[in-house]
Amino acid sequence: MAWSAGQYLKFEDERTRPARDLLAQVPLERIDRAVDLGCGPGNSTELIVERYGAAGVSGLDSDENMLEAARKRLPGTTFVKADLATWQPEEPVDLLFANAVFQWLPDHLDIFERLMDGLRPGGVLAIQMPDNLTELSHLMMEETAKNGPWSDAFAKKSVRRNALPSPAVYYNRLIGKSARVELWHTNYNHPLENAAAIVEWVKGTGLRPYLDHAGDEYRGAFAADYLARIEKAYPPLVDGKVLLRFPRLFMIAVKK
């Protein structure tokens, strides 16, 4: 599944807001080294640079299109290609920051424990992940997958990502290596122009695996069917816009 920085950044302000909210809770006055994990097109990395300065800040991602966009955005910052499933810093760092990436990795609890070992004492693991699989935007993806000429492909292989564990599960896994762990949810409500805008939003993230799995033959029809369901699920507001509710889980773990 190739990512598209252009598609992702169609809603840059809304996608960057959680990264800004997460960074605001990082209890570090200064850093020597920070890494933006799953940096995407560099919008979250830019926030870290603005707060702490460019020296010592780097980003990594597994997608070349995202890395290309990030390098254009922040030409003075180092961006490297890496797989978060196995990556570990070569030496301890002050901040490991991840905005909306680890929901794609089913074993991320194990990864978080390993990443805590890559922090200096007092260093921070800061994570934000969408927790929105029960929202209509995602439920309608499943409804579309089950109802159409593409349904056999989805019956043989589900592309629905795993639901996040409860906050208690994260706390229990992180507290052993942490001086403190903070967890919270924020429910964002994004006014978007219309139902088609919701489809454009999720094309950059959650809808991608569904469209890929539908294949070239059915991709367009799948998107059209999904749009029709979204139009029914999200009635217009008084000004014609629609409200996209988007729950997200945040966590801050400070290493002992």
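**Exercise 1. Place the pair R219 and D216 in the fold, then describe their contact and exposure.**

Step 1: R219 and D216 sit three residues apart in helix α10, about one turn of the helix. Helices here are DSSP runs (H or I, at least four residues), strands are E runs of at least two, and both are numbered from the N terminus.

Step 2: The two residues form a salt bridge, with the closest N and O atoms 2.7 Å apart. The term stands for a side-chain nitrogen of Lys or Arg within 4 Å of a carboxyl oxygen of Asp or Glu.

Step 3: R219 is partly exposed at 28% relative accessibility, while D216 is exposed at 67%. Buried means under 20% relative accessible area, exposed over 50%, and partly exposed in between (1.4 Å probe, protein chains only).

A word on the model before going on: it is predicted, so local features need pLDDT of at least 70 and side-chain atom pairs pLDDT 80 or more, while totals for chains, interfaces and linings use all residues. Residues are numbered from 1 along each chain as its sequence is written, and side-chain values use heavy atoms, leaving out hydrogens and water.

**Exercise 2. Find the salt bridge partner of E200 and say where the two residues lie.**

Step 1: The partner is K203, and the closest N and O atoms are 3.2 Å apart.

Step 2: Both belong to helix α9 (residues 195-203); because they are three residues apart there, about one helical turn separates them.

Step 3: E200, at 23% relative accessibility, is partly exposed, and K203 is partly exposed at 29%.

**Exercise 3. Work out which parts of the chain the salt bridge between K177 and D117 ties together.**

Step 1: In this pair the closest N and O atoms are 3.1 Å apart.

Step 2: K177 is in the loop between α8 (167-174) and β6 (178-192), and D117 is in the loop between α5 (108-116) and β5 (119-130), so the bridge ties together parts 60 residues apart in sequence.

Step 3: K177 is partly exposed at 28%, and D117 is partly exposed at 44%.

Step 4: For the wider picture, the model has 17 salt bridges. R30, D32, D94 and R120 are linked in a network of them.

**Exercise 4. Describe the surroundings of S44 and the annotated domain.**

Step 1: S44 lies in helix α3 (residues 43-52) and is buried, with a relative accessible area of 3%.

Step 2: Leaving aside residues up to four places away in sequence, S44 touches A19, D36, C39, F97 and N99. Contact means heavy atoms within 4.5 Å.

Step 3: An unreviewed UniProt entry lists residues 35-123 as "domain: Methyltransferase". Over that stretch the chain is 33% helix and 27% strand, with the end C-alpha atoms 12 Å apart.

**Exercise 5. Characterise the largest cavity by volume and lining.**

Step 1: A cavity is a set of points on a 1 Å grid over the protein atoms alone where a 1.4 Å probe fits but cannot get out; lining residues have an atom within 4 Å of a point. Points are joined across faces, edges and corners, and the volume is the space filled by probe spheres set on them.

Step 2: There is one cavity of 30 Å³ or more, and the largest cavity has a volume of about 50 Å³.

Step 3: Its lining consists of W104, L133, H138, M141, V159, R160, R161, G206, P209 and Y210. The elements giving two or more residues to this lining are α6 (136-146) and α10 (208-233).

Terms used
On a 1 Å grid over the protein atoms alone, a cavity is a set of points where a 1.4 Å probe fits but cannot get out, and a pocket is an open set with protein on both sides within 12 Å along at least five of seven lines; lining residues have an atom within 4 Å of a point. UniProt positions are given in the numbering used here, feature names are shortened, and annotations may be inferred rather than shown by experiment.
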